[in-house]
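The exercises below are meant to be worked with the sequence and the model open side by side. Try each task before reading the solution that follows it.

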Amino acid sequence: FPTDTPVITSSETQEALRRASEELRAQKTVAFPTETVYGLGALALEPAAVAKIFSTKGRPPDNPLIVHVSSREMLERVLPAGYAISRTYETLMKHFWPGPLTLLFPSDPSIVPSIITANQPTVAVRMPSHPVARALIALADAPVAAPSANSSGKPSPTRAEHVYDDLQGKLGVILDGGPCGVGLESTVVDGLQDDGNLRVLRPGGVTVEDLERVIREDLSDVVPAPRVLVHRRDYRDEALEQAPTTPGMKYRHYSPSVPVTLLCTQSQSPPHTARTSLTAFLDTIQADAQTQGKSLHVGVLAPSDSPLLDRLRAASLPDVRWTEHPLGPLAEPAVSAHRLFDGLLSLDKAKVDLILIEEIQEEREGLAVMNRVRKAAGDSVWLDL
Ligand code: TXA
Ligand code: MG
């Protein structure tokens with residue numbers, strides 16, 4: 001194994017990696033675990049291989065892909081000749097690579113095919129920390145393009161069986177590395193603008209608080225200090241919102257095949273709907289069941305220590321059956337991140353009629369969790385518990 005590869009001693013794993021890297025080199029797609037979600041990989045610098053990613057996922061061609069590298073040397077292979085990496089990026093890479101942070105770099109179209117960048121002037125790159133991902137990329141000895149390994153628009157897979165359920169028959173190899181630790185995709189950061197600030201295009205595994213701490217600690221002598229700006233929270237870019245380059249702006253995302261309703265219980269300011277009591281809300285579900293003439297199976301994703309779960313357990317609705325998928329303690333949003341997609345996908349597979357998700361605070365990993373939840377939810381209710 002190349003020197004930048006994590007040490008993998010199991011011969012069965014080595015054999016699986018060898019087979020998967022041969023598939024890649026034969027210009028085929030391979031699903032593999034990363035620390036964020038499972039990826040659907042193909043050789044990034046081979047347009048014909050990358051085209052298979054788009055056809056397998058049914059992904060619109062104007063949505064660019066992330067290029068995954070396993071070493072610094074491989075990063076340099078995808079950057080324009082002589083490109084000098086900024087001090088801010090060097091600092092971010094030192095702290096967060098390998099890991100769930102994706103950085104935009106300028107792209108040279110004679111190096112990175114336009115099918116990857118969707119003709120953007122930038123290319124998104126990340127170095128995953130999952131040992132299987134890094135070993136696979138290092139063995140293939142080439143940058144690997146990988147979106148999440150799901151049909152376009154569905155929640156991202158965090159277990160090999162999610163990939164199998166969704167894409168079986170459409171790809172050759174699925175490497176099973178167990179459940180993904182983070183459970184949500186990487187944070188996508190644009191630090192290329194003239195003002196030196198970091199623009200978070202997609203919140204993810206590396207939190208805004210993490211980025212701010214590293215700036216405070218390692219870039220304190222930079223004047224003015226770079227700021228971390230979250231798209232839609234701290235700034236809006238109309239052009240960006242129309243373009244597909246900002247993850248999830250243009251296309252429907254993260255939606256299971258059943259309706260999802262967001263229950264706003266933490267919001268200080270109301271969503272578009274009027275505030276309603278839990279009792280009145282439950283009455284509407286019971287009434288729905290009666291109208292449909294069948295009992296309804298409702299999936300609930302909520303923090304384990306939220307009062308909501310107790311209230312639902314205590315409510316007696318004759319025609320409603322609940323399946324809970326707890327999101328971990330309110331104080332631990334990383335657990336919610338780890339469990340969200342798994343919950344959406346397993347409730348979908350259980351063929352529930354409706355999924356309710358309770359809001360969590362938009363702090364730390366909670367920012368990324370709520371970003372995905374808003375995109376998954378078809379509607380929202382402002383609930384008084
Ligand atoms: O954690 C992750 O990032 C996972 C794992 C597999 O690494 N990958 C992933 O890829 O989430 P995907 O394709 O599902 O999401 C990548 C997002 C896209 O929505 C795209 O809009 C954005 O990154 N992106 C890619 N290239 C870009 C660019 N040049 N400028 C702006 N956004 C870009
Ligand atoms: Mg995706």
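**Exercise 1: a group of annotated residues**

Arginine 126 lies in strand S5 (residues 122–126), where strands (E, at least two residues) and helices (H or I, at least four) are DSSP runs numbered from the N terminus. The model is a predicted one, in which local features need pLDDT of at least 70 and side-chain atom pairs count only at pLDDT 80 or more, while totals for chains, interfaces and linings use all residues. Residues are numbered from 1 along each chain as its sequence is written, and chains are lettered from A and ligands numbered from 1 in the order in which they are written.

Task: determine whether arginine 126 is buried or exposed, and which residues it is in contact with when neighbours within four places in sequence are left aside.

Solution. Begin with the count of C-beta atoms, placed from the backbone: a residue is buried if 20 or more others lie within 10 Å of its own, exposed if 12 or fewer, and partly exposed in between. Arginine 126 has 29 such neighbours inside 10 Å, and therefore counts as buried. Next come the contacts, for which the C-beta atoms of two residues, again placed from the backbone, must lie within 7 Å. With neighbours within four places in sequence left aside, arginine 126 is in contact with Ile66, His68, Leu101, Thr102 and Ser186.

Then turn to the record: an unreviewed UniProt entry gives the annotation "binding site" to Thr36, His68, Arg126, Ala146 and Ser186, with positions in the numbering used here, feature names shortened, and annotations that may be inferred rather than shown by experiment. These residues span 151 residues in sequence, yet no two of their C-alpha atoms are more than 12.6 Å apart, so they gather at one spot. Threonine 36, in the loop between strand S1 (30–32) and strand S2 (39–43), is likewise buried, with 29 other C-beta atoms within 10 Å. Among the residues that threonine 36 touches, not counting those up to four places away in sequence, are Glu185, Ser186 and Gly204.

**Exercise 2: a second annotated set**

Task: find how far apart in space the residues Arg59, Asn63, Thr122, Ser148, Ser156, Arg202 and Tyr254 are, which the unreviewed UniProt entry also annotates as "binding site".

Solution. This set is spread over 196 residues of sequence and is also spread in space, up to 24.7 Å between C-alpha atoms. Serine 148, for example, sits in the loop between strand S6 (144–145) and helix H7 (160–167), and is buried, with 27 other C-beta atoms within 10 Å. Tyrosine 254 is found in the loop between helix H9 (238–242) and S11, and with 24 C-beta neighbours inside 10 Å it counts as buried. Not counting residues up to four places away in sequence, tyrosine 254 touches Pro155, Arg372, Lys375 and Ala376.

**Exercise 3: two domains**

Task: state which domains the chain is assigned, and how many residues of each are in contact with the other.

Solution. The domain bounds, which come from an automatic or database assignment, are 11–242 for domain 1 and 260–384 for domain 2. Their centres, taken over C-alpha atoms, are separated by 30 Å, and 16 residues of domain 1 are in contact with 17 residues of domain 2. On the domain 1 side of this contact, H7 and helix H8 (208–218) each supply at least two residues.

**Exercise 4: the sheet and a loop beside S15**

Task: work out the strand order of the open sheet of 6 strands, and which strands stand at its edges.

Solution. The order is S12-S16-S11-S15-S13-S14, with parallel pairing, two strands being counted as paired if DSSP finds at least two bridges between them. Strand S12 (275–277) and strand S14 (320–326) stand at the edges, each with a single partner strand, so one side of each is left without a neighbour in the sheet.

Now follow S15 to its partners: strand S11 (residues 260–264) pairs with S15 over 4 bridges in the parallel sense, and strand S13 (residues 296–302) also pairs with S15 in the parallel sense over 4 bridges. Leucine 262 has isoleucine 357 in S15 as its bridge partner, while glycine 299 stands opposite isoleucine 355 in S15. Of the 5 residues of S15, 4 are buried.

Finally, compare alanine 350, in the loop between helix H12 (333–349) and strand S15 (354–358): with 12 C-beta neighbours inside 10 Å, alanine 350 counts as exposed. Not counting residues up to four places away in sequence, alanine 350 touches Gly299 and Thr323.
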